[in-house]
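Thanks for making time this morning. I would like to walk you through one model, going slowly from the overall fold to a few of the cysteines, and please stop me whenever a word is unclear.

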Amino acid sequence: MAEPVCPGCGVRGVEHFVSKESRERTRSRKPWFIIVHCDACGHVYNVLARHVFSEANPPRLVMPKPSS
């Protein structure tokens with residue numbers, strides 16, 4: 001079975017892929033991003049968006065009353 005190799009330092013194995021939450025936080029203290037990196041040299045493989053914008057109160061469609 002093939003194992004991933006870090007392009008930064010050459011370390012082998014999926015166990016060296018680690019993730020860390022970003023320091024940037026939302027108002028509710030959730031991280032904005034998850035950073036996937038090598039635990040040996042710090043090479044960043046990917047940055048994943050974690051926070052999804054949502055509205056507490058979804059927009060409502062208000063129809064005007066028909067005129068008589």
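If we start at the N terminus and follow the protein along, its elements run β-β-β, and I should say at once that what we are looking at is a predicted model. Counted up, the secondary structure comes to three strands and zero helices.

Let me turn to how the chain is packed. The protein has 68 residues, of which 16% count as buried. Its accessible surface comes to about 6200 Å², and carbon and sulfur atoms account for 55% of that surface. As for contacts, if we take those between residues at least 6 apart in sequence, 21% of them join residues that are at least 24 apart.

Now to the cysteines, where I would ask you to look at the sulfur atoms. How many disulfides does the structure hold? The number is zero. Cys6, for instance, is in no disulfide, and its nearest cysteine sulfur, which belongs to Cys41, lies 3.6 Å away. Why is Cys9 without a bond to Cys41, whose sulfur is the closest cysteine sulfur? The two sulfurs are 3.8 Å apart, which is too far for a bond, because a disulfide calls for a pair of cysteine sulfur atoms within 2.5 Å.

Finally, are Cys6 and Cys9 buried or partly exposed? Cys6 has a relative accessibility of 2%, and therefore counts as buried, whereas Cys9, at 40% relative accessibility, counts as partly exposed.

Note on methods. Residues numbered from 1 in each chain as written. Predicted model: local features only at pLDDT ≥ 70, side-chain atom pairs only at ≥ 80, totals over all residues. Heavy atoms only, no water. Buried < 20%, exposed > 50% of the residue type's maximum accessible area, 1.4 Å probe, protein only. Helix = DSSP H or I, 4+ residues; strand = E, 2+ residues; numbered from the N terminus. Contact = heavy atoms within 4.5 Å. Areas by Shrake-Rupley, 256 points an atom, 1.4 Å probe, with all protein chains shown as cover.
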